[in-house]
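Work through the exercises below with the sequence and the model open. Try each task before reading its solution.

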Amino acid sequence: MEINLPSYEIKLRETGGNRQIFDILRRKYVALTPEEWVRQHFVHFLIDHKGYPKGLLANEVELHIGDKKLRCDTVLYDRTLQPQMIVEYKAPNIALTQRVFDQITAYNLLLHVDFLVVSNGLHHYCCKMDYENRSYEFLSDIPSYPSIAL
């Protein structure tokens with residue numbers, strides 16, 4: 001599956017007729033879906049090319065709004081373990097529409113992070129939040145970790 005992210009040493013296996021990919025953050029094999037393909041490539045991109053510490057990233061972070069459970073695809077924490085970035089992934093054939101941005105914005109109502117990122121593996125968007133001015137700015141690139149580390 002072609003995507004717009006650097007390649008890495010992918011670990012795949014087949015179990016009971018199901019293809020799986022190794023998730024370095026969850027330290028286990030997970031079902032290989034198009035969205036998971038994007039997630040694994042993006043996580044490796046953040047770690048290998050943007051300098052993000054593996055120990056500050058988490059996949060499938062569960063959130064609760066009343067009785068409803070939500071899952072953030074990936075969350076970056078700062079060194080005090082406060083959420084700093086939310087990343088939402090879609091399969092390459094899924095357009096990054098307003099609905100995707102609404103989804104990640106709902107997560108951010110709970111986490112109040114500095115950066116929101118969405119990617120379908122082909123297109124990647126990053127917003128820097130400005131809570132003081134109640135605005136946001138789209139960045140031209142995903143920032144490197146050293147440039148955002150607190």
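**Exercise 1. Contacts and overall form**

Task: Among contacts between residues at least 6 apart in sequence, find what percentage joins residues at least 24 apart.

Solution. Step 1: count a contact where heavy atoms lie within 4.5 Å. Step 2: take the contacts between residues at least 6 apart in sequence; 46% of them join residues at least 24 apart. Step 3: note the basis of these values. This is a predicted model, in which local features need pLDDT of at least 70 and side-chain atom pairs count only at pLDDT 80 or more, while totals for chains, interfaces and linings use all residues. Residues are numbered from 1 along each chain as its sequence is written, and side-chain values use heavy atoms, with hydrogens and water left out.

Step 4: check the overall form. The radius of gyration is taken over C-alpha atoms, and the globule rule is 2.2 Å times the number of residues to the power 0.38. For 150 residues a compact globule would have a value near 15 Å, and the protein agrees because it has 15 Å. The C-alpha trace spans about 50 × 35 × 30 Å along its principal axes.

**Exercise 2. Order of elements**

Task: State how many helices and strands the protein has, and in which order they run.

Solution. Step 1: take helices (H or I, at least four residues) and strands (E, at least two) as DSSP runs, numbered from the N terminus. Step 2: the count is 3 helices and 9 strands. Step 3: from the N terminus the order is β-β-β-α-β-β-β-α-β-β-β-α.

**Exercise 3. Surface and charge**

Task: Find what share of the residues is buried, and what area the protein exposes.

Solution. Step 1: apply the cut-offs: buried is under 20% relative accessible area, exposed is over 50%, and partly exposed is in between (1.4 Å probe, protein chains only). Step 2: 45% of the 150 residues count as buried. Step 3: the exposed area is about 8,600 Å², of which carbon and sulfur atoms supply 49%. Step 4: for charges, Lys and Arg count as positive and Asp and Glu as negative, with His and the chain ends not counted. The mean positions of the 17 positive and 19 negative charges are 6 Å apart.

**Exercise 4. Y52**

Task: Is Y52 buried or exposed, and which backbone oxygen does its side chain reach?

Solution. Step 1: place Y52 in the loop between α1 (34-50) and β4 (57-65). Step 2: its relative accessible area is 2%, so Y52 is buried. Step 3: leaving aside neighbours within four places in sequence, its contacts include L57, L76, M85, I142 and I148. Step 4: the side chain of Y52 reaches the backbone oxygen of P143 at 2.6 Å, which satisfies the limit for a polar contact (a pair of N or O atoms within 3.5 Å; within protein, one must be able to donate a hydrogen and the other to accept it, and residues adjacent in sequence count only if both atoms are side-chain atoms).

Step 5: compare with K50, in helix α1. K50 is buried because its relative accessible area is 13%. P143 also appears among the contacts of K50, together with D141, I142, S144 and others.

**Exercise 5. H41 and Q20**

Task: Which backbone oxygen lies 2.9 Å from a polar side-chain atom of H41, and which side chains make polar contacts with the side chain of Q20?

Solution. Step 1: H41 is in helix α1 and, at 4% relative accessibility, counts as buried. Step 2: the backbone oxygen is that of W37. Step 3: among the residues in contact with H41 are I3, L5 and Y8.

Step 4: Q20 is in strand β2, and its 16% relative accessible area makes it buried. Step 5: the side chain of Q20 makes polar contacts with the side chains of R13 (2.7 Å) and T15 (3.5 Å).

**Exercise 6. Positive phi**

Task: Where do R27 and R134 lie, and what phi does each have?

Solution. Step 1: recall that most residues other than glycine have a negative phi. Step 2: R27, in the loop between β2 (18-23) and β3 (28-31), has a positive phi of about 55°. R27 is exposed at 68%. Step 3: R134, in the loop between β8 (124-130) and β9 (135-139), has a phi near 50°. R134 counts as exposed at 79%.

Definitions and conventions
Areas by Shrake-Rupley, 256 points an atom, 1.4 Å probe, with all protein chains shown as cover. Charge placed at Lys NZ, Arg CZ, Asp CG, Glu CD.
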